[in-house]
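Reader: I have a structure to read and a list of terms that I do not fully trust. Can we go through them one by one, with the reasons?

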Amino acid sequence: MRVAVRVNGLTKRFGDKTAVDKVSFNVGFGEVYGLLGPNGAGKSTLISMIAGVIEPDEGTIEVLGGEVRDSEIRAKINYCPQNPALYDDLTGLENLIFYSSLYGITGRRALEKARELIKRVGLEGYANKPVKIYSGGMKKRLNLAAALMNEPRLLILDEPTTGMDPQMRREVWQLLSEIKDSDRAIIISTHYMDEAEALSDRVAIMDSGRIIAEGKTEDLKRSYASKSVISIEFFNPDDQQKAREALCRYLEPRDIVAINGSIRVYSEDPDTLLPQISLDLFKVGVKIASIRVVKPTLEDVFLRLTGRRIMEVEG
Amino acid sequence: MRASAIKAFVVKDFKETFRDKVAVFWMIAWPLIWLVLTAYIFIPPGTDRPMTMRIGLVNYDVSPGFPVNGSILIRALEEAEYKGVKLFNVKIYEDKALLLEDIKRGRIDAGIIIPENFGENLTLGQTTLEVYVGARSIQSTQINRYMLERFIEEFSRVVSEEKIAWAMKFIPGEYVPLEVLEVVEGFLRGLAKPVNATFTEVLPEALISREAWIGWYTIGAIGMTMLYSGLNIGSTALLEERQRGCLHKILASPTTPSELIFGKILSGILSLSITSVAIIVFGVFVCGAKIHWSPLRAEHWIAPIMLLVLASLTLGMGSILSLMVKSVGGASNLSTSLGLMLAFLTGIWFPREWFPAWMRILADYSPATWAVDAIRDVIVFEAGLMEVVHYVIGAALAALAVLAVGVMIYRRMLKKYLEK
Ligand SMILES: Nc1ncnc2c1ncn2[C@@H]1O[C@H](COP(=O)(O)OP(=O)(O)OP(=O)(O)O)[C@@H](O)[C@H]1O
Ligand SMILES: [Mg+2]
């Protein structure tokens, strides 16, 4: 793997709060690296340090073989901040051209590229309208287009699809998979597990400033979840605790996670376990609303590692 | 530094500023409103012309047989002029009561009652005039009364001369020697007017025509606008980019701090220059300001140079101000109030001659005022280079120093922003 980004022992503190805590990882060319974590996990802080817009307290970052504060390196990267960085009184086209001028892309070349990208993100009708009339989702799309103007070799995206409708999110995924290239590295932060799964070659799961697990999606699920998950829902939410106690008698407590009134049981052999669970719960008088076997997701990885959910599933 | 990056900031800021209604109001509309108000309310057209007094007359004199009578007085009043402007606007009344009524109502400034036998008495001895002066304000009363006194004195003198000439005819020449006659006539003339004074009007340097005054205020409007707009632009330049979230995106690009700072200062100077040109054009073509500018006159180039100096100075002052504020809103409010206050207190908008001596010190040591006064002296009062050179050098040095401090502050701010 040719390394595009090498992060080592990166730490950032804001007062007493350690936003990023000794984080290390590498990203290779041709790779999409996902940073998955709940609100406040430290994704934006980490990404801002890699983009060179905030300075770390400790640790080192090597980007494209150099130092990120070096202008020549920065000419080859681009950064899409979480909150759209746009000028409300300028049109969509003017915003893109302004940012591309900062990369030395001007005149006809800039105009053509801006037109092409505006089309790619579905804003044709709005190219010459001031950004102040754009909706939140439209601003996010323009913000993404701005980050593509210089065809960066390292693209850093901070929650690029947050606030977009599901269809638009899928179109952005499509766009990102199209620009994926053996000579380009992409770092993307998200709190959507489906987004992380759909886009990333490797995922780092972040919580409280640390990377708590890292690897290919399948490997992560295999190591931290199980082959299958038995998901049980109850008629009476009060039964959740009772069911958990019953199951703990013969299952490992760490394989049982109670969440939002339901229970998830991690198992390598669901076919034999499912009938047994149904029977045992019936015996203790728990009324089951549904019981099914599902595939584990990254959410399950996070659940098993932290006992918490990343966020409410959207869409 | 890359020109493309600097140009990007200038173009972007220009579009942003002039598409923002609030900015356009403060940078263009507001100074123009002030200028019009000043030109038409505080220095209304006609301020620099001689005043004409409205005067009422009742003529009770019915002695047409005498060489001087009431009609002659009236004609003399109507013909009196100063610098080609009639001194009196005469209105004839039927009786005294009506005349007094109009003085009370302010319709006329003064009234004269010409009594019965005015001509006869005047010819043969002495007569009396009843003069009423409207006492609206102490100063107008003083002026009106003085004008009438002067007129009546002059009228008396002319009549005296007539009477002397007339009297001399009655002295029989064959009995009195000619030398004695000359002495008598000289003596009589001396009685009529013992002192002959000559009056010459000397134009003081400070006598300012209305057009020049408007020119003075036009440059003042530029100074005032530059103060609050320059402070505003200077204090919000980086803060606004940061508050909008665009600063991180800019810092992530290859843009260097120097390019960003230089671009920002240049865009500020451009906006302020556009404002200045708009104010000058408006002042000259709408308000009638007298401003001389010719590219062929070397000293006239002081004006654009001083405008640049003033812009740099106020932008630099703005950057210093940004140390004291936390938000764009706070910076704008502070800049506007501070800018207006400075304009009023340092002799930029109000002439410092109006100030008490202790207050003038502020104006005397304000580099912004030096720049504004240098421009005024050169293009409004046609001063030469040597007369303003001390202002020019002082303002330029101050601007350089303040701008250098400003750039340092910006650099430090950017560094701090990188920490969080
Ligand atoms: N400038 C700052 N000053 C103080 N604390 C900060 C600052 N920026 C971030 N933090 C804190 O650092 C932690 C990590 O924040 P960060 O924005 O990196 O999280 P995130 O994973 O991007 O969250 P989200 O999904 O909400 O965007 C949070 O607790 C946040 O409150
Ligand atoms: Mg974030």
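Reader: Which parts of chain B are called domain 1 and domain 2?

Author: This is a predicted model. In the domain assignment of chain B, domain 1 is made of 3-43 + 209-419, and domain 2 is 53-192. Taken over C-alpha atoms, the centres of domain 1 of chain B and domain 2 of chain B are 59 Å apart.

Reader: What are the distances between residues such as B:Leu307 and B:Gly65, in sequence and in space?

Author: B:Leu307 and B:Gly65 are 242 residues apart in sequence, and their C-alpha atoms are 72 Å apart in space. B:Leu307 belongs to helix H11 (residues 302-321) of chain B.

Reader: Why is B:Leu307 called buried?

Author: Buried means under 20% relative accessible area. B:Leu307 has 18% relative accessibility, so it counts as buried.

Reader: And B:Gly190, is that one buried, exposed or partly exposed?

Author: Partly exposed is the class between the limits of 20% and 50%. B:Gly190 has 27% relative accessibility, so it counts as partly exposed. B:Gly190 sits in helix H7 (residues 178-192) of chain B. From the C-alpha atom of B:Gly190 to that of B:Ile28 the separation is 65 Å, with their positions 162 residues apart along the chain.

Reader: What makes B:Arg105 exposed?

Author: Exposed means over 50%. The relative accessible area of B:Arg105 is 53%, so the residue is exposed. B:Arg105 is part of helix H4 (residues 96-105) of chain B. B:Arg105 and B:Thr198 are 93 residues apart in sequence, and 38 Å apart in space, C-alpha to C-alpha.

Reader: What is the phi of B:Asn117, and where does this residue lie?

Author: Phi of B:Asn117 is positive, about 60°, although the residue is not a glycine. Most residues other than glycine have a negative phi. B:Asn117 is found in the loop between strand S5 (110-114) and helix H5 (118-124) of chain B. With 33% relative accessibility, B:Asn117 counts as partly exposed.

Reader: Which residue of chain A has a positive phi without being a glycine?

Author: A:Glu151 has a phi near 45°, a positive value in a residue other than glycine. A:Glu151 lies in the loop between helix H5 (136-148) and strand S6 (154-158) of chain A. Its relative accessible area is 48%, which is under the limit for exposed, so A:Glu151 is partly exposed.

Reader: What does chain A as a whole contain?

Author: Chain A has 11 helices and 13 strands. Its C-alpha atoms fill a box of roughly 75 × 45 × 40 Å along the principal axes. Of the 315 residues in chain A, 54% are buried.

Reader: How do you know that A:Ser44 and A:Gln82 are donors of the magnesium ion (ligand 2)?

Author: For this metal, a donor is an N, O or S atom within 2.8 Å. The OG atom of A:Ser44 and the OE1 atom of A:Gln82 lie 1.9 to 2.0 Å from the magnesium ion, and they are its protein donors. A:Ser44 is in helix H1 (residues 43-50) of chain A, and A:Gln82 is in the loop between strand S5 (77-80) and helix H3 (92-102) of chain A, so the pair ties together parts that are 38 residues apart in sequence.

Reader: Are these two donors buried or partly exposed?

Author: A:Ser44 is partly exposed, with a relative accessible area of 25%. A:Gln82 is partly exposed as well, at 27%.

Reader: Which residues come nearest to ligand 1?

Author: There are 13 residues around ligand 1, and A:Gly40, A:Lys43, A:Ser44, A:Thr45 and A:Glu159 come nearest. By class, the shell has four nonpolar, six polar and three charged residues. H1(A) gives the largest share of the shell, three residues.

Reader: What makes the pair of A:Gln82 and ligand 1 a polar contact?

Author: A polar contact is a pair of N or O atoms within 3.5 Å. A polar side-chain atom of A:Gln82 lies 2.9 Å from an oxygen atom of ligand 1, which is within that limit. For A:Gly42, a backbone N or O atom lies 3.0 Å from an oxygen atom of ligand 1. For A:Ala41, the distance from a backbone N or O atom to an oxygen atom of ligand 1 is 3.2 Å. On its own, ligand 1 has 630 Å² of accessible area, and the protein covers 65% of this.

How values were computed. Residues numbered from 1 in each chain as written. Chains lettered and ligands numbered in written order. Predicted model: local features only at pLDDT ≥ 70, side-chain atom pairs only at ≥ 80, totals over all residues. Heavy atoms only, no water. Domains from an automatic or database assignment. Donors = N, O, S within 2.8 Å, 3.2 Å for Na, K, Ca; no water. Helix = DSSP H or I, 4+ residues; strand = E, 2+ residues; numbered from the N terminus. Buried < 20%, exposed > 50% of the residue type's maximum accessible area, 1.4 Å probe, protein only. Near = heavy atom within 4 Å. Polar contact = N/O pair within 3.5 Å; in protein donor to acceptor, adjacent residues only side chain to side chain. Areas by Shrake-Rupley, 256 points an atom, 1.4 Å probe, with all protein chains shown as cover. Nonpolar A, V, L, I, M, F, W, Y, C, P; charged D, E, K, R; others polar.
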